[in-house]
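Student: Could you take me closely through the surroundings of the ligand in this model, and then connect that part to the rest of the chain? I would like one continuous account rather than separate remarks.

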Amino acid sequence: MNALPIPQFRVFTGEQVDAAVRDGKQAILDAVEAAYRAHHAGRTVNPESQFLRFPDGHRNRIIALPAHIRDDGDGGGGVTGIKWISSFPENIELGMPRASAVLILNDATTGYPMACMEASIISAARTAASAISALRCLARGASAQRLRVAFIGAGVIARHVAECMPLAGLCIDEVTIHDLNIDYAASLATRIQTHVGYDAHTEASLEVAIRQADVVVFTTTAPAPHIDNPDWFSHCPLVLHLSLRDLAPSIILESYNVVDDIDHCLRALTSLHLTEVATGHRRFVTTSLPHLLCGGEPPARDRPIVFSPFGLGILDIAVGSWVYECLAARQAPVPRFFFDMQRA
Ligand SMILES: NC(=O)c1ccc[n+]([C@@H]2O[C@H](COP(=O)([O-])OP(=O)(O)OC[C@H]3O[C@@H](n4cnc5c(N)ncnc54)[C@H](O)[C@@H]3O)[C@@H](O)[C@H]2O)c1
């Protein structure tokens, strides 16, 4: 009998992941879109995310997102893994990011964990790629138009989305940033001007920021809807509702709603979930991004379009696997990580 090779385990730091992600935005967008297409084709296993909450800190949570993408017949065995991501919103008062994460990839043949990597960057990169993918699908035909973009919430996710915006291939004229904290809005405006080259400024009024934008990106940490006036959206903007809980059912019901996966999106007190509870049906969900990427027709532009992505674990492992392929050859495995390999 041939001796089995000892499984190898590698660790990738945030610095290494950041270097790969920074130079690989287009490849990450491709990996995310391929994962969505695999989802549409039924080649994924993406169980509900598990939320760990704490009795003494109701806004804090740690979420587990296990996932698997079956290979498409090329014999690669597919991709399997899990992201374990904490959200502690008060971290930002200490000057630290809200979210921190690791991602584990598992070997397709043995199931052994083969890598652990810093994953807050992967998570932000896949979220931004998913937003850009939606923008490309839903703003089709607007490439010659000069667009105004508003960011509501000026944190880490807004920064990643802004830095990926050029991949959308749109003509972005002006970026407006609104945040409850004006200093956060001002630093994002400076960052966008310097690093992305768009004309960016802050806006103290939430209503003005929304009313004057063609594309509105919600990246707040609002735990419950704080916007309930459909008239603010009467100009039919494209809304990337990444933070999932900003809009009241009255706005959801006046819009075309695009999800990543309907069963995932209609839970955990998202705006869509609250709308389902209020109406007793799901007919307000128009289509999904995986469907659009597989040739589905985008909604008309006679109402606001709201894209609400729950954030699927398949995106994390798709990007994690891409990072692994970029870095593994240059990174020695951790010596003797799997140690006792005797069965008897
Ligand atoms: N859908 C997805 O796939 C996905 C993935 C990752 C993160 N997210 C969500 O994106 C959101 C932003 O994450 P982040 O890491 O950038 O957080 P962050 O804490 O870095 O930034 C959030 C910002 O929103 C601001 N804010 C909070 N409530 C606001 C309000 N009512 N109006 C205006 N500004 C407000 C805060 O001051 C802060 O600057 C979170 O809700 C997170 O859960 C979604």
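**The ligand shell and its setting**

Tutor: By class, the shell around the ligand is made up of 14 nonpolar, 12 polar and two charged residues. This is a predicted model, and what follows should be read with that in mind. Of the 28 residues around the ligand, those that come nearest are Gly 153, Gly 155, Ile 157, Thr 220 and Gly 311. Two elements give two or more residues to this shell, namely helix 3 (120–138) and helix 4 (156–164), and the largest share, three residues, comes from helix 4.

To place the ligand in the chain, we need the domains. The domain assignment gives domain 1 (10–122 + 314–330) and domain 2 (140–311). Both domain 1 and domain 2 give residues to the shell around the ligand, so the ligand lies between them. The centres of the two domains, taken over C-alpha atoms, are separated by 23 Å, and the contact takes 15 residues from domain 1 and 14 residues from domain 2. On the side of domain 1 that touches domain 2, helix 2 (residues 25–40) gives the most, with eight residues; by class, that side of domain 1 has six nonpolar, three polar and six charged residues.

The nonpolar interior is the next part of the setting. In soluble globular proteins, nonpolar side chains tend to be buried together. Here the largest nonpolar core has 96 residues, and those with the most contacts inside it are Val 32, Phe 151, Val 217, Leu 240, Ala 318 and Val 319. Helix 3 gives the most to this core, with 11 residues, and the core draws at least three residues from each of domain 1 and domain 2. Helix 3 is thus a point of connection in this account, since it is also one of the elements that give two or more residues to the shell around the ligand. For a single residue of the core, consider Val 319, which, not counting residues up to four places away in sequence, touches Ile 28, Ala 31, Val 32, Ile 122, Ala 125 and Arg 126.

A loop residue in the sequence range of domain 2 offers another detailed view. Asp 261 lies in the loop between strand 13 (256–259) and helix 8 (262–265), and this residue counts as buried because it has 21 C-beta neighbours inside 10 Å, the cut-off being 20 or more. Leaving aside residues up to four places away in sequence, Asp 261 touches His 39, Ser 288, Phe 310 and Leu 312. Asp 261 and Thr 287, which are 26 residues apart in sequence, are 9.3 Å apart in space, C-alpha to C-alpha.

Further along, the loop between helix 8 and helix 9 (271–279) holds Ala 268, and Leu 269 is found in that loop as well. Ala 268 has a positive phi of about 60 degrees although it is not a glycine, and Leu 269, also a residue other than glycine, has a positive phi near 55 degrees. Ala 268 is partly exposed, with 16 other C-beta atoms within 10 Å, and Leu 269 is likewise partly exposed, with 13 other C-beta atoms within 10 Å.

Towards the start of domain 1, Val 11 lies in strand 1 (residues 10–12) and counts as partly exposed, with 14 C-beta neighbours inside 10 Å. Leaving aside its neighbours within four places in sequence, Val 11 is in contact with Cys 116 and Val 334, whereas Val 11 and Val 149, which are 138 residues apart in sequence, are 38 Å apart in space, C-alpha to C-alpha.

Finally, the chain as a whole frames these details. The protein chain has 11 helices and 15 strands, and buried residues make up 43% of its 344 residues. Among contacts with a separation of 6 or more, 70% are between residues 24 or more positions apart. A compact globule of 344 residues would have a radius of gyration near 20 Å, and the 21 Å of the protein chain agrees with that expectation. Along the principal axes, the C-alpha atoms fill a box of roughly 70 × 45 × 40 Å.

Technical notes: Residues numbered from 1 in each chain as written. Predicted model: local features only at pLDDT ≥ 70, side-chain atom pairs only at ≥ 80, totals over all residues. Near = placed C-beta within 6 Å. Helix = DSSP H or I, 4+ residues; strand = E, 2+ residues; numbered from the N terminus. Nonpolar A, V, L, I, M, F, W, Y, C, P; charged D, E, K, R; others polar. Domains from an automatic or database assignment. Core = buried A, V, L, I, M, F, W, Y, C linked by C-beta atoms within 7 Å. Buried ≥ 20, exposed ≤ 12 C-beta atoms within 10 Å, placed from the backbone. Contact = placed C-beta atoms within 7 Å. Rg over C-alpha atoms; globule rule 2.2 N^0.38 Å.
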